[in-house]
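Trainee: Could you walk me through reading a few local features of a structure? I would like the general idea and then the case at hand.

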Amino acid sequence: MDDFILLKRFIEQTLGIQCSNYKEDYIKRRLLSRMRSTNNESYTDYLKYLKANTPELEKLRNALTINVTEFFRDNDVYELMKKEIFPALFRQRKRLRIWCAGCSTGEEPYSIAMILSDLIAHNPSFSAQIFATDIDKVVLAKAQEGIYSQKAMIKLSETQIHRHFIKLPDGNFQAKPSLKELIRFRPHDLMSGVPVSQWLDLITCRNVTIYFNEKQKDELAKMFHGALVSGGFYIMGKTEYLGRSLENLFSTYNSIQKTFVKKD
Ligand SMILES: C[S@@+](CC[C@H](N)C(=O)[O-])C[C@H]1O[C@@H](n2cnc3c(N)ncnc32)[C@H](O)[C@@H]1O
């Protein structure tokens, strides 16, 4: 059997990552980068290396599910949520249900939670529940812990830090229970075809589909469409786009911020 296929099969069995769901080019690029770092010249050599070096498995997982994220990444979209999307949704119902899909180490759901917490403080009859999911259980554990270095907090104002985080003796910051209680973290594979919940008012899935092939992207958008309430919002990452065939499912709310509204 082809050495690349053998390597993919091993990855699927040991890491639970379905390589066939990703663009082949993408998988090859990530593998080549790990192979270079470990001085392995062929897929066969790298497979042998992987089997003999357990720590390399985690390094490969990280390379395949790149977890880069930050608080208020592309801040304009958070301004849109704060000034337009959440006020519009709260005019329709008092309890909002949000799914932050592909949340990595948690900066995205905590950013959304900070905005919601401030809105709820002004109107205590409002409430919200954020489902934050990721395929990678390692980053998810970090998200759940909610501990961030001072460097990671750079985009937060003093007020936000003071209101939503506790400074730990080692200089790191931990999200307060009042912020954490807005979020439920869960492992979830976006390729599973099953949404984490139904009747959602907003789904953010940002900087995740760049790793998916066209068919997977379309199926994902269809799954999100089914999980949203009528008029619910879907926000993608700045460099992502919605396939043409989905124009009957979503209308564009803000093309620059890649924000769409579910059509019935
Ligand atoms: C670049 S991070 C994006 C984090 C955050 N959404 C943001 O925009 O800052 C991409 C995340 O998608 C996750 N991911 C990749 N494939 C996934 C899948 N099939 N199901 C769920 N999460 C996935 C990765 O584990 C990673 O944490």
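Mentor: Happy to! This is a predicted model. Let us begin with how elements are named: helices and strands are DSSP runs, counted from the N terminus, with at least four residues for a helix and at least two for a strand.

Trainee: With that naming, where is Phe72 found?

Mentor: Phe72 sits in the loop that runs between helix 4 (54-64) and helix 5 (75-92).

Trainee: And what should I expect of phi in general?

Mentor: Most residues other than glycine have a negative phi. Here, Phe72 has a positive phi, near 50°. Ser104, which is not a glycine, also has a positive phi, about 55°. Ser104 belongs to the loop between strand 1 (95-101) and helix 6 (107-122).

Trainee: Is Ser104 buried or exposed?

Mentor: The cut-off for buried is 20 or more other C-beta atoms within 10 Å. Ser104 is buried because 25 other C-beta atoms lie within 10 Å. Phe72 is buried too, with 20.

Trainee: Why does Met153 count as partly exposed?

Mentor: Met153 has 18 C-beta neighbours inside 10 Å, so it counts as partly exposed. Met153 is in the loop between strand 3 (147-148) and helix 8 (158-164).

Trainee: Which residues is Met153 in contact with, leaving aside neighbours within four places in sequence?

Mentor: Those contacts are Tyr148, Ile161 and Phe173. Separately, look at Phe71: Met153 is 82 residues from Phe71 in sequence, yet their C-alpha atoms are 7.2 Å apart in space.

Key: Residues numbered from 1 in each chain as written. Predicted model: local features only at pLDDT ≥ 70, side-chain atom pairs only at ≥ 80, totals over all residues. Buried ≥ 20, exposed ≤ 12 C-beta atoms within 10 Å, placed from the backbone. Contact = placed C-beta atoms within 7 Å.
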